[in-house]
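Work through the exercises below with the sequence and the model open. Each task is followed by a solution in steps.

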Amino acid sequence: MADNNAMEIRTIENDRKIQEYTQKLRELRKNGETKVTDTRIDITALRKNQLIEVSEKEKAIAEKRRELEEAKAVAAKNKAEVNRISKEAVKYVNAVSKEIEAAVNAKENKRMAGAKAYYAREVAEIKANGEKRKADIQNRMAGSDPKVIKSELSVASYETRSALFDAKSRFQSEINKSKAAKNQAYVDHIQKNRELRNGKTNFGEDMKMKWMNYKTNFRPSSFLLANGLYIAIIIFFIICIIIAPMKVNSNLLTLPNIFTILEQCSTRMFYALGVAGLILLAGTDLSIGRMVALGSVTTGLILHPGMNIVSFMGMGPWDFSAIPMALRVVMALVLSVLFCSIFSAFAGFFSAKLKMHPFISTMSTQLIIYGVLFFGTSGTPVGSIDRGIKELIGGRWVIGMLGNGQLITFPKLIIPAIIAIIVAWLIWNKTTFGKNMYAVGGNAEAAAVSGISVFWVTLGVFIMAGVFYGCGSFLEAFRANASAGTGQGYEMDAIAACVVGGISFNGGIGKIGGAAIGVVIFTSLTYCLTFLGIDTNLQFVFKGFIILAAVSLDSIKYLKKK
């Protein structure tokens, strides 16, 4: 297709001066930095080795430690020289690589131009042959049965389209090869620099390499499939921002509105972070709303000032005001987390042990909690919690005033939400449990074969979800008066936020950051629609279409991978 008889371009590995730099650094590091690394690996391996007698192991480790100290001394002695040669070598490699990359780019650009011209000629030729073939069929079969003629023309059109598709595939393959060659020239450059620095990376180089990889692998169809929903939502928000002044004579994109949205996100973040783990295991949770009510009612009962008006199962009402407030807060939080974790673990046991789908097990706990709360409290609202502690935990900090005299306040509930995101991210990405979650969600059978306990991972995810629900429901009591009906429909918003955030219902795919972004998107959507005066019932229609779009895109991506 394209001209492949281009001149040979030199490479970094073939440059004699770079080879000399590399050899010098290897010699200087051989008994220093390199030996330090190798000796540490040997010591770790000795410690884990169960086949060696303890006395022999200690003796071997002592010998290795002596070698380690010697290697450190050599490394310290050669450090200045190594740094000097390394900097000099990297500077030279950067200069040489600039020339090499320019030559590679010129060569591949010429190759791409040739491929493009060849493709244009090939397409024109295929189309011309297709038209000629159709004309021949019509002339040859003049007077024949129209259905037969139509069939022959259909076959000719199909073969023409197939030929065009094959030509486009060959053209795209050539273009991709050229893009890969350009990218590889830079990758070779960075890898050589890392080798000269003994594995140390450079932030600027890493960022550029990520950008180069992105450009090389960018496909418009894949980009739209991955981000189409977000683009549509951004466009929707832009439209809302534009029409808000015309419709309600007020600006939507103001600091007070943004803080209000984030405050509404704060407690909902906990519910999304909890159910995200279950969705990662290809499950779900229908009991979130009832968990919210359970924790909120518990918190409201304990933190209510004076005698409470609610009795539970004939017991009460209670008055906890004699207990120190700090102890009451701890008690409310612990009991909220405990109750939610127990019910979540209850549902998790049936899913983990009996392979019951979480849809069934969590629907059962939803009904149990719902019945217990309404029967026990008769649906009576708990009432407000103590004003002082409500302001301390769920109030706002005054941070300034706008030019129009409007007071700017920062919601305190945003802080625990941020902490929850950090904790969830650490669990998902920095612990063995988090890695096991992805393994079980991706393929439970393969995870079991590799030695992972699917039962304990599944049960652990349910308990973790219960902890998040308990914390969120505790904070929910600081936003509104709690009752058995608190949290109605929250499970739908939490699940939808996770799906919009890219956590796949097919299991094993998703990031905690996606769940957090999904909460912000969904809460912002609700706030925008309410701000514009859209009927609450119509808001469910918008949410329904967004959920359908998100799940549809997820299904398409899953089918493509299969």
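The exercises go from the whole chain to single residues, and the model they use is predicted.

**Exercise 1. Determine how many helices and strands the protein has, and whether it is compact or spread out.**

Step 1. The secondary structure consists of 18 helices and two strands.
Step 2. For 562 residues the globule rule gives 24 Å, while the radius of gyration is 33 Å, well over that value, so the protein is more spread out than a compact globule.
Step 3. Along the principal axes, the C-alpha atoms fill a box of roughly 95 × 90 × 60 Å.

**Exercise 2. Describe burial, contacts, surface and charge for the whole protein.**

Step 1. Buried residues make up 41% of the 562.
Step 2. Take the contacts with a separation of 6 or more: 75% of them are between residues 24 or more positions apart.
Step 3. The exposed area is about 30,700 Å², and 62% of it comes from carbon and sulfur atoms.
Step 4. There are 68 positive and 45 negative charges, and their mean positions lie 3 Å apart.

**Exercise 3. Place Thr-267 in its helix, classify it as buried or exposed, and find the partner of its side chain.**

Step 1. Thr-267 belongs to helix H7, which covers residues 255–280.
Step 2. Its relative accessible area is 0%. Buried means under 20%, so Thr-267 is buried.
Step 3. Beyond four places in sequence, Thr-267 has contacts with Gly-472, Leu-475, Glu-476 and Arg-479.
Step 4. With one of these residues, Glu-476, the side chain of Thr-267 makes a polar contact of 3.0 Å.

**Exercise 4. Classify Lys-210 as buried or exposed, and give its C-alpha separation from Glu-81.**

Step 1. Lys-210 sits in helix H5, residues 203–217.
Step 2. The cut-off for exposed is over 50%; Lys-210 has a relative accessible area of 55% and is therefore exposed.
Step 3. Glu-81 is 129 residues from Lys-210 along the chain, and the two C-alpha atoms are 32 Å apart.

**Exercise 5. Examine the phi angles of Ala-282 and Lys-355, and locate both residues.**

Step 1. Most residues other than glycine have a negative phi.
Step 2. Ala-282 is not a glycine, yet its phi is positive, about 65°. Lys-355 also is a residue other than glycine with a positive phi, near 60°.
Step 3. Ala-282 lies in the loop between H7 and helix H8 (288–303). Lys-355 lies in the loop between helix H9 (325–353) and helix H10 (358–377).
Step 4. Ala-282 is partly exposed, at 31% relative accessibility, whereas Lys-355 is exposed, at 62%.

**Exercise 6. Decide whether His-304 is buried or exposed, and list what it touches.**

Step 1. The position of His-304 is in the loop between H8 and H9.
Step 2. Its relative accessibility is 13%, so His-304 counts as buried.
Step 3. Leaving out residues up to four places away, His-304 touches Arg-328, Val-382, Gly-383, Ser-384, Ile-385 and Asp-386.

**Exercise 7. State the accessibility class of Phe-346, its contacts, and its separation from Trp-425.**

Step 1. Phe-346 is part of helix H9.
Step 2. At 39% relative accessibility, Phe-346 is partly exposed.
Step 3. Not counting residues up to four places away in sequence, Phe-346 touches Thr-365 and Ile-368.
Step 4. Trp-425 is 79 residues from Phe-346 in sequence, with a C-alpha to C-alpha separation of 25 Å.

Key
Residues are numbered from 1 along each chain as its sequence is written. This is a predicted model: local features need pLDDT of at least 70, side-chain atom pairs count only at pLDDT 80 or more; totals for chains, interfaces and linings use all residues. Side-chain values use heavy atoms; hydrogens and water are left out. Helices (H or I, at least four residues) and strands (E, at least two) are DSSP runs, numbered from the N terminus. The radius of gyration is taken over C-alpha atoms; the globule rule is 2.2 Å times the number of residues to the power 0.38. Buried means under 20% relative accessible area, exposed over 50%, partly exposed in between (1.4 Å probe, protein chains only). Contact means heavy atoms within 4.5 Å. Accessible areas come from the Shrake-Rupley method with a 1.4 Å probe; for residues, only the protein chains shown count as cover. Lys and Arg count as positive and Asp and Glu as negative; His and the chain ends are not counted. The place of a charge is taken as NZ of Lys, CZ of Arg, CG of Asp or CD of Glu. A polar contact is a pair of N or O atoms within 3.5 Å; within protein, one must be able to donate a hydrogen and the other to accept it, and residues adjacent in sequence count only if both atoms are side-chain atoms.
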